[in-house]
Amino acid sequence: EEAGIVLAWSYSVKWVEDKEVAWSSRWDHYLRSSDANAANIHWFAIVNSLMIVLCLSGMVAMIMLRALHKDFNRYNNPENEDEAQEETGWKVIHADVFREPQQPTWLAVFVGSGSQLLGMAFITLFFALLGFLSPARRGWLMTTMLVLFCLMGSLGGFVTAVLAKMFHEQSW
């Protein structure tokens, strides 16, 4: 094995069109030939990821609950009046958390539009998971998204109206 040898690699490709395969069924080979074991591995990975997310969320929730419980006990303890006068923890930010926004109309509009887009996205993904949206059906994904965007306008309007009413908006 000499280090001074230069090898040239090449390849060629010849594309042959199969006239017997219809345009609408060109994806059928790929959709049917998926390995059954690979699908099980994917589901295992998805379930594993969801379990990790749930466990970590539970740990964060327990830490937050312990901190809140400790704060509430300290605030409600009548024996320590010096500490009761001092504002710390959640008492410092409670006025900022619960104050009304400066532009409640815009907040209502943006939250309503976001709910419309999220509803459209989730229902589209649900239809895709059920197999209704296949790559073999050209244009169905865009058509479905457009129809769902129009239908989810009622959800967006409802959410906007509820928020506008909650903020006592009169000029909408």
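The following exercises, each with a worked solution, concern a predicted model.

**Exercise 1. Helix H5**

Task: Determine how the span of helix H5 relates to the expected value, and find what its buried residues pack against.

Solution:
1. Helix H5 covers residues 104-130, which amounts to 27 residues.
2. The expected span is 1.5 Å times one less than the number of residues. For H5 this expectation is 39 Å.
3. From the first C-alpha of H5 to the last, the model gives 39 Å, close to the expected value.
4. A residue is called buried when its relative accessible area is under 20%. In H5 this applies to Pro 104, Ala 108, Gly 112, Ser 115, Gln 116, Gly 119, Met 120 and Thr 124.
5. The buried residues of H5 pack against two helices, namely H6 (140-151) and H7 (153-166).
6. Just after H5 comes Gly 131, whose phi is positive, at about 95°.

**Exercise 2. Aromatic rings**

Task: Classify the pair formed by Phe 126 and Phe 127 as stacked, tilted or edge-to-face.

Solution:
1. A pair of aromatic rings is described by two quantities, the distance of the centres and the angle of the planes.
2. Rings pair if their centres lie within 6.5 Å. The count in this model comes to three aromatic pairs.
3. In one of them, Phe 126 and Phe 127 have their ring centres 6.4 Å apart and their planes at 40°.
4. Planes under 30 degrees apart count as stacked and over 60 as edge-to-face, with the rest tilted. The pair of Phe 126 and Phe 127 is therefore tilted.
5. Ring pairs also bring in Phe 132, which forms a cluster with Phe 126 and Phe 127.
6. Phe 126 is partly exposed because its relative accessibility is 48%. Phe 127, at 29%, is likewise partly exposed.

**Exercise 3. A salt bridge**

Task: State which residues form the salt bridge of this model, and decide whether each is buried or exposed.

Solution:
1. The count comes to one salt bridge.
2. It joins the side chains of Glu 17 and Lys 19, with 3.5 Å from N to O. This distance satisfies the criterion, since the nitrogen must be within 4 Å of a carboxyl oxygen.
3. The limit for an exposed residue is a relative accessible area over 50%. Glu 17 has 61% and is therefore exposed. Lys 19 has 69% and is therefore exposed as well.

**Exercise 4. The segment after H7**

Task: Describe His 168 and Glu 169, and decide whether each is buried or exposed.

Solution:
1. His 168 lies in the segment after H7, and Glu 169 is found there too.
2. His 168 is exposed because its relative accessibility is 62%. Although His 168 is not a glycine, its phi is positive, at about 60°.
3. Glu 169 is buried because its relative accessible area is 18%.
4. Leaving aside residues up to four places away in sequence, Glu 169 touches Pro 104, Thr 105 and Ala 164. Of these, Pro 104 is one of the buried residues of H5.

**Exercise 5. A surface patch and a distant pair**

Task: Identify the residues of the nonpolar surface patch, and give the separation of Ser 24 and Pro 135.

Solution:
1. The patch consists of Val 92, Ile 93, Val 97 and Phe 98, which together have about 410 Å² of accessible area.
2. Ile 93 belongs to helix H4 (residues 90-97), and its relative accessibility of 35% makes it partly exposed.
3. Ser 24 is found in the segment before helix H1 (28-32). With 48% relative accessible area, Ser 24 is partly exposed.
4. Ser 24 and Pro 135 are 111 residues apart along the chain, yet their C-alpha atoms are separated by 9.1 Å.

Technical notes
Residues are numbered from 1 along each chain as its sequence is written. This is a predicted model: local features need pLDDT of at least 70, side-chain atom pairs count only at pLDDT 80 or more; totals for chains, interfaces and linings use all residues. Side-chain values use heavy atoms; hydrogens and water are left out. Helices (H or I, at least four residues) and strands (E, at least two) are DSSP runs, numbered from the N terminus. Buried means under 20% relative accessible area, exposed over 50%, partly exposed in between (1.4 Å probe, protein chains only). Contact means heavy atoms within 4.5 Å. Patches are made of residues with over 30% relative accessible area and no salt bridge: like charges are joined within 9 Å, nonpolar side chains (Val, Leu, Ile, Met, Phe, Trp, Tyr) within 5 Å. Accessible areas come from the Shrake-Rupley method with a 1.4 Å probe; for residues, only the protein chains shown count as cover. Rings of Phe, Tyr and Trp (its six-membered ring) pair if their centres lie within 6.5 Å; planes under 30 degrees apart count as stacked, over 60 as edge-to-face and the rest as tilted.
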